[in-house]
Amino acid sequence: MGELLYAQGITKIFPGVKALDNVSMRICDGEVLGLLGENGAGKSTLLNVLSGTYKQDHGEIFLKGEKINIETKQNALDMGIAIVYQELKLHPNLTVAENIFMGRLPKNRFGTIQYKQLFKQAQELLDFYQFDIDAKKELSMLPIADCQMVEIAKSLSRNAKVILMDEPTSSLLSHEVERLFEIIKDLKTKGIGVVFISHKLDEIASCCDRVQVLRDGKDVGTRNVSETNENELVKMMVGREITDVFPKKTNVPGETILEVRGLNRDGKVKNVSFSVRKGEVFGIAGLVGAGRSELVRLIFGADKKDYGEIFLKGKKINIKSPSDAIKHGIFLVPEDRKLQGLVLQQDIEWNIVLPLIYKLQKILGYVDTSNSREMAEKQVKRLDIKCTSRAQKVVTLSGGNQQKVVIGKCLQTAPEIMILDDPTRGIDVGTKSEIYNLINEIACRGTTIILISSELPEVIKLSDRVAVIRDGEMRAILNSGDLSQESIIKYAIEEDVKK
Ligand SMILES: Nc1ncnc2c1ncn2[C@@H]1O[C@H](COP(=O)(O)OP(=O)(O)OP(=O)(O)O)[C@@H](O)[C@H]1O
Ligand SMILES: [Mg+2]
């Protein structure tokens, strides 16, 4: 194996924070290097430097032994360094094919786009990697998992020598992750080097050859995957040992608080009924695209239901919009924080507190806004949001810390019913365990939690009951005694399950 890319002594300083402090990284051809570290450790920053998004303040980069100067993303691409982002940077209103070949669309000599050729090229690429995606589809029609695949296909289409993947699996389900790992294996045989960021240690173990750990912008060390273990890696990441990721459940569900009867929408949610109790953690499992997010969006009023009824404490309520839901004490932390949860150009305080205050003010007539600063600071502290101050723009926070801001916003409303749609996506082990504790703690105080998660251990360990959704239908509600990965998968996947 020869050396492909070598970054030497990279330092990157942002106002108030040294995101990278003298970090070196080496990647050889046909090798997969895992990059691990807590939220805000500097992982994305390092990949952003290598892909030309940011310019390092110190340090040098070598491609096959030759010193290179990466000024722009285009530069990096031309040299064969492509990046797949943690948060998708695609155009939702264009087709899959246009997204893949954006900037390189086949045109005739009059400049007209040759769609037939474009779709053919794109479809061939997608089929070659067995992505099972229709190149002609508009991107907005696809679930996040498929969009991620498109992003990966896009970098593959550029004949990249090095592919930098920033949490590519964070929104994929296990079989899709396997699909991705197959692709990565294939890339290895073609001599491509891959850098792979993930918070999931089992993924690092099964996909990477070596793993490098960053902490607070510093290089903590690199290990051969075959010569290390989870304990060592966690310790390198957080600087201490974490023994119990999941808290001991101590919540005691009370009486029924919310009941949903016959909810329907557009063939995506079909006749779903269930009820949840006060202080209960009610898990919702199922494959990506099964209709889990669609279901909770109906309860929150983010989408309109075709028919169905919702009862709160025995009384029928009419939820037409999210503000109706908030008025009734129901809050949703959405799946896609960039689209639905945050205003990136605003600061932390604005995102956590102000929109809610204004909303509540409209509903209730009067709310005290004078202490918004303290409220924001309280959430920053409670969730240990890594930032220079509450006035930091959200766009400049690391991915995991952005997610914490969304959760802080939810906590700030002190809802009676809190719906969390994949709340730990992109969150590091240490913080995950804090969020799990928080979920238990909130439930103990009598708040009902509806928890969607793609990580089965998470729903199993945290929930009192778990509903399994497939094709928009509720297939089963499993009690804690019957909860296992097998029982959930059985209902989530199998075609003919006999009750
Ligand atoms: N454009 C920016 N302006 C200011 N600070 C930034 C900017 N981009 C990143 N940072 C800061 O640099 C540090 C490292 O962030 P980075 O996004 O690299 O973390 P990460 O390891 O990818 O974390 P995560 O696991 O949460 O994605 C953080 O403190 C972050 O707030
Ligand atoms: Mg990141």
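Below are some exercises on this predicted model, each with a worked solution.

Before you start, residues are numbered from 1 along each chain as its sequence is written, and chains are lettered from A and ligands numbered from 1 in the order in which they are written. Because the model is predicted, local features need pLDDT of at least 70 and side-chain atom pairs count only at pLDDT 80 or more, while totals for chains, interfaces and linings use all residues; side-chain values use heavy atoms, with hydrogens and water left out.

**Exercise 1. The four-stranded sheet**

Task: Work out in which order the strands of the open sheet of 4 strands are arranged, and which strands stand at its edges.

Solution:
- Begin with the terms: helices (H or I, at least four residues) and strands (E, at least two) are DSSP runs, numbered from the N terminus. Two strands pair if DSSP finds at least two bridges between them.
- Read off the order, which is S12-S11-S14-S15, with antiparallel pairing.
- Now find the edges: S12 (269–277) and S15 each have a single partner strand, so one side of each is left without a neighbour in the sheet.
- Add the twist: ignoring direction, neighbouring strands are turned by 20 degrees against each other on average. Angles run from 0 to 180 degrees between N-to-C directions, and axes are lines fitted to C-alpha atoms, for helices over the stretch in contact.
- Go through the pairs. S11 and S12 are joined by 6 bridges, and Arg265 stands opposite Val269 in S12. S11 and S14 pair over 5 bridges, with Leu312 in S14 as the bridge partner of Leu258. S14 and S15 are joined by 3 bridges, and Phe311 stands opposite Lys316 in S15.
- Finish with the helix: H9 (residues 292–300) lies across S11 (256–265), S12 and S14, at about 115 degrees to S11.

**Exercise 2. Positive phi angles**

Task: Find where Lys64 and Lys313 lie, and decide whether each is buried or exposed.

Solution:
- Start with the background: most residues other than glycine have a negative phi, and most peptide bonds are trans.
- Lys64 has a positive phi of about 50 degrees although it is not a glycine. Its place is the loop between strand S4 (58–63) and strand S5 (66–68).
- Lys313 also has a positive phi of about 50 degrees without being a glycine. This residue is in the loop between S14 (307–312) and S15 (315–317).
- Apply the cut-offs: buried means under 20% relative accessible area, exposed over 50%, and partly exposed in between (1.4 Å probe, protein chains only).
- Lys64 has a relative accessible area of 54%, so Lys64 is exposed. Lys313 is at 51%, so Lys313 counts as exposed too.
- One further case is Asp266, with a positive phi near 50 degrees in the hairpin of S11 and S12, where 3 residues stand between the strands.

**Exercise 3. Two residues, buried or exposed?**

Task: Decide whether Thr448 and Leu142 are buried or exposed, and name what they touch.

Solution:
- Thr448 lies in strand S18 (residues 448–452). Its relative accessibility is 0%, so Thr448 counts as buried.
- Contact means heavy atoms within 4.5 Å. Leaving aside neighbours within four places in sequence, the contacts of Thr448 include Ile257, Val276, Glu416 and Met418.
- Leu142 is in the loop between helix H4 (115–128) and helix H5 (144–156). At 12% relative accessibility, Leu142 counts as buried.
- Not counting residues up to four places away in sequence, Leu142 touches Val96, Ile133, Lys137, Cys147 and Val150.

**Exercise 4. The surroundings of ligand 1**

Task: Find which residues come nearest to ligand 1, and which helix gives the largest share of the shell.

Solution:
- A residue is near a molecule or strand if one of its heavy atoms lies within 4 Å of it. Of the 22 residues around ligand 1, Gly40, Ser44, Thr45, Ser398 and Gly400 come nearest.
- Look at the side-chain N or O atoms: one in Asn39 is 2.9 Å from an oxygen atom of ligand 1, and one in Ser44 is 2.8 Å from an oxygen atom of ligand 1. For Tyr54, the partner is a nitrogen atom of ligand 1, at 3.2 Å.
- The elements that give two or more residues to the shell are S2 (17–28), H1 (43–50) and H15 (399–412).
- The largest share, 3 residues, comes from H1.

How values were computed:
Polar contact = N/O pair within 3.5 Å; in protein donor to acceptor, adjacent residues only side chain to side chain.
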